[in-house]
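User: I am new to reading protein models. Could you take me through one, feature by feature?

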Amino acid sequence: MDNKDAEKLFFIPFNTGGHWLLLAINPIREIVYYLDSLGNDWTRYPDMKVLIDTFLQAFRAQRDIQTSRRGANSIKWIKVACPQQRNQIDCGYFMLRFMRDTLALGRLMIPTDYFEEFKCAFYTKDQVDEIKEEWCQFMIELNVFS
């Protein structure tokens with residue numbers, strides 16, 4: 001809760017039970033960016049929405065922010081039109097790529113039609129392989145396999 005009034009973007013990789021997606025949360029603005037490489041809507045995962053909404057309401061309470069009853073449900077969920085996967089197995093890599101793209105730009109907001117710098121309908125095989133290689137290099141540097 002240090003710097004609880006500083007605007008930040010928190011990344012939550014979320015596994016629905018067989019599929020990875022990314023939630024990027026700006027708790028100060030109470031915005032949840034939803035990035036799903038299968039294009040599903042967040043309403044498909046009601047337990048996820050309840051969990052994140054509860055977290056944001058608790059964060060609001062920690063900051064002593066008072067809201068009206070109408071404002072209590074002011075959490076804004078934004079579905080981002082991110083690149084889509086063409087198979088059923090690369091969702092984890094797409095989720096990592098979404099996170100990397102956002103961090104590379106250093107922004108606190110994600111456009112609904114994704115970042116102009118990275119906008120495409122699908123990642124190429126080379127783009128997916130690039131994130132796989134980066135992830136492997138990261139794990140090797142952590143000495144995870146020793």
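User: Which residues are exposed on the other side of α1, away from its buried ones?

Analyst: Keep in mind that this is a predicted model. Asp-47, Val-50 and Leu-51 are the exposed residues there. The buried residues of α1 are Met-48, Ile-52, Asp-53, Leu-56, Phe-59 and Arg-60. These cover an arc of only 120° around the axis, which puts them on the same side of α1.

User: What do the buried residues of α1 pack against?

Analyst: They pack against four strands: β1 (10-15), β2 (20-26), β3 (31-35) and β4 (76-79).

User: What span should α1 have, and what span does it have?

Analyst: Count the residues, then use 1.5 Å a residue. Helix α1 covers residues 46-62, which is 17 residues, so it should span 24 Å. Its end C-alpha atoms are 24 Å apart, which agrees.

User: What sign does phi have in most residues?

Analyst: Most residues other than glycine have a negative phi. Now look for exceptions here. Glu-30 is not a glycine, yet its phi is positive, about 55°. Glu-30 sits in the loop between β2 and β3. Tyr-114 is not a glycine either, and its phi is positive at about 70°. The loop between α2 (91-105) and α3 (125-141) holds Tyr-114. Asp-64, which follows α1, also has a positive phi, near 60°.

User: Are Glu-30 and Tyr-114 buried or exposed?

Analyst: Check the relative accessible area; under 20% means buried. Glu-30 has 10% relative accessibility, so it counts as buried. Tyr-114 has a relative accessible area of 1%, so it is buried too.

User: Where do nonpolar side chains tend to be in soluble globular proteins?

Analyst: They tend to be buried together. In this model, the largest nonpolar core has 20 residues. Those with the most contacts inside this core are Tyr-33, Leu-35, Val-80, Phe-98, Ile-110 and Tyr-114.

User: Which elements give two or more residues to this core?

Analyst: They are β2, β3, α2 and α3. The largest share, five residues, comes from α2. There is also a second, separate core of 13 residues. Leu-23, Ile-25, Val-32 and Leu-56 are among them.

User: Let me zoom in on Ile-110. Which residues does Ile-110 touch, not counting residues up to four places away in sequence?

Analyst: Ile-110 touches Leu-9, Ala-24, Tyr-33, Leu-35, Val-80, Thr-102 and Phe-115. Of these, Tyr-33, Leu-35 and Val-80 are listed, like Ile-110, with the most contacts inside the largest core.

How values were computed: Residues are numbered from 1 along each chain as its sequence is written. This is a predicted model: local features need pLDDT of at least 70, side-chain atom pairs count only at pLDDT 80 or more; totals for chains, interfaces and linings use all residues. Side-chain values use heavy atoms; hydrogens and water are left out. The expected span of a helix is 1.5 Å times one less than its number of residues. Buried means under 20% relative accessible area, exposed over 50%, partly exposed in between (1.4 Å probe, protein chains only). The arc is that of the directions from the helix axis to the C-beta atoms. Contact means heavy atoms within 4.5 Å. A nonpolar core is a set of buried Ala, Val, Leu, Ile, Met, Phe, Trp, Tyr and Cys residues joined through side-chain atoms within 4.5 Å.
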